[in-house]
Amino acid sequence: MDTNHIDWKKYLIVFLFTMTLFLSASYVSNYFSNKKVDQLKLIQDKISIDILSSETQFSLLSELSCKNISDSVFSGELSELGNKLEWGQQNLGTTDTVSYLKKYYSLLEIKDYLLNKKISERCQTKSAFILYFYTTALNCSECERESVALSALRDKYPELRVYSFDYNVDLSAVKAMIQIYKIQDTKLPALVVDDNVLTGFHGIDELETIVKQSFKLQEIKPVDTIKSIKTTTNKAL
Amino acid sequence: MASISNVIFYILTFLSVYVQVFFLITFLENRKKIIIRKGPIKLIKYPKVTVIVPCWNEEKTIYKTVRSLLNLNYPKDKLKIFLIDDGSTDKTWDVIQRFSKYSNIKIFRKENGGKYTALNLGLESVETDFLGCLDADSEADPESLTRIMSYFEKDKNIMAVSPSIIAINSKNMVQNAQKVEYDMSVYTKKMLGFLGAIHVTPGPLTIFRKKVFDDLGPYRHAHNTEDMEIAFRMQKNHYKIEQCNDAYIYTNTPTTIKKLYKQRLRWIYGSINNMIDYRKIILKKKYGNFSLFTVPYNVLSIIAVGFLFGKMFYSFGKFLFFKILEFRDIGFNFNSSIKNFDPFFINTQSLFFIGITLYLLVVLSIIIGRKISEGKWNFSFNIFYFFIIFSIVGPFWLLKAVFNTILSRKPAWR
């Protein structure tokens, strides 16, 4: 009887065929991943040029007028890139390239932050800034919640700029910020608003009050400065 | 933790694709051997056959079942029918009695003892060289028996031949889903037949040589799946089982999810426990493809479904948890996810493509199943019902069967 006949060659052929299917799937997947990485690079280059151009524009025009200062980079674009990078890090196979892009992104964020802060101070545009530190290394469920709350807040206040930084990103500029604000990895998520550090999860209502306060401060600031100028002149008199 | 789960997931997916490719290559190798006969055929000799119909509370379907046997295109003097009432509490016995006037029908009545006891009672009285069983919820196609017997005629080594089971009277989504599954099993059974590795000789009209029972003994309780146990026993003893793809037995399928759940729980429980009982023949070269392919792939499907369900349950739970938290934190925020849709976020991981390939292979097996049973190439939208019902409810009967196995086996370990 041939019931116990085993065709080993067939077992091998099926294995090779299955292997080929897996390799093809991996090839197709890589192809799309590379496309996506290219797309990320393209967005990043565009943002980089935008920032550089804004900086140059700012340097050229700062002496003259604030009217001509255009919005440097649309904060939406920067955050979109951030989302894509975050997703890419989890879902694309090429983590090395993505983490390199992420470093670059963090740098762009810092540049955008510094530039916009300067513009806002000098030209008194209505704006608020939140520096947000999170981690992907540890399972930080509060970070995920905070991210959602922040994007909802950003949707509500277009003048609000949120800069997200991965605590573990290997970039000296980010490390410097971590040192400046004394952020600890055990107290993540951490938020920096107007030089105040908030740790742990903060709900949208709480953040909204803080952001509104930040807007108010700006409105008060010029008055304050006028007052202070007046007082100093009075004193002098 | 996540990476270990990913590795297991990869391995299980690889093995699942392997199984489907194995079937497909077997099909491509043997496709010319698959014949679908349209009209009546003639045999050189018509051996005597006994068909045992065990019934328990089948008053609604038994009449049609017996009529279908009487309508078989097989010489009347060569066909004996045993109707065995296994202690029915409805009017089954009354219906059966109406057939007592037929010279080739013998009726029996006994106290309820389970299907295998009814079959064994019939076996004791069998005098023919061939015998089979027909479940009282099924009907035989007039040509089915002749076509089955033609397999015995062409190969003396064949010890049992099972037919293609077609689901009939499918009126709702649950039944349409099962119809698709039956089509698929025609394909897998036929391929397993080519591999000499069939693991079940189903109740609806599998015909055996009497020698099988003479040599190996009668049916056993076998966790209520005596039709699977006898196939395992035959494989253990190198008895050849074939599948006759153009012999049709029409069967009524459970009408509700609850009934389907009960039926499948019994099947899977029986499958798991028969595999445990016959664990010594797993992965042994001398038992052929049955031991190296069929049983491992059945074990694999149980593990894979269990694992996948666990993984999906975990992911879904996590997703729901975050959605609840999100709702609490920022309120209902449905718009943002739609507004932010970007093709960039479409999953392009290799497992995604492999998943699609696996689904396509399953769809292909359903289409081929229909082709080799009914001779038609067509695509039915019932496939979607199949995927929905079997992927949602399937894991529950499977896990319950595993759970029951663990509980029932506990005392035996002490």
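## Helix H3 of chain A

Let's start with the buried side of helix H3 in chain A of this predicted model. The buried residues of H3(A) are A:Val98, A:Leu101, A:Lys102, A:Tyr105, A:Ser106, A:Leu108, A:Glu109, A:Asp112, A:Asn116 and A:Ile119. You will find charged residue names such as A:Lys102, A:Glu109 and A:Asp112 in that list, alongside A:Val98 and A:Leu101.

How does the span of H3(A) agree with its 29 residues? The helix covers residues 95-123, and at 1.5 Å a residue it should span 42 Å. The expected span is 1.5 Å times one less than the number of residues. The end C-alpha atoms of H3(A) are 41 Å apart, which agrees with that expectation. Just after the helix comes A:Gln124, which has a positive phi, near 50 degrees.

## The four-stranded sheet

Chain A also holds an open sheet of four strands, in the order S2-S1-S3-S4 and with mixed pairing. Strand S2 (160-166) and strand S4 (196-199) are its edge strands, and each of them pairs on one side only. On average, neighbouring strands of this sheet are turned by 20 degrees against each other, direction ignored.

Which strands run parallel here? Strand S1 (residues 128-134) of chain A and S2(A) do, and seven bridges join them. Within this pair, A:Ile130 stands opposite A:Val162 of S2(A). Helix H4 (residues 141-156) of chain A packs on the sheet, where it touches S1 and S2 of chain A. The direction of H4(A) makes about 160 degrees with that of S1(A).

## The hairpin of S3 and S4

Turn now to strand S3 (residues 190-193) of chain A, which pairs with S4(A) in the antiparallel sense over four bridges. A:Ala190 has A:Thr199 as its bridge partner in S4(A). The two strands form a hairpin with two residues between them, and in this hairpin A:Asp194 takes a positive phi near 45 degrees.

## A look at B:Leu216

In chain B, B:Leu216 is part of helix H7 (residues 210-216). Why does B:Leu216 count as partly exposed? The reason is that B:Leu216 has 15 C-beta neighbours inside 10 Å, whereas a buried residue has 20 or more and an exposed one 12 or fewer.

Leaving aside residues up to four places away in sequence, B:Leu216 touches B:Arg233, B:Met234 and B:Asn237. If you like long-range pairs, try B:Leu216 and B:Ser380: they are 164 residues apart in sequence, and their C-alpha atoms are 42 Å apart in space.

Note on methods:
Residues are numbered from 1 along each chain as its sequence is written. Chains are lettered from A and ligands numbered from 1 in the order in which they are written. This is a predicted model: local features need pLDDT of at least 70, side-chain atom pairs count only at pLDDT 80 or more; totals for chains, interfaces and linings use all residues. Two strands pair if DSSP finds at least two bridges between them. Axes are lines fitted to C-alpha atoms, for helices over the stretch in contact, and angles run from 0 to 180 degrees between N-to-C directions. Two residues are in contact if their C-beta atoms, placed from the backbone, lie within 7 Å.
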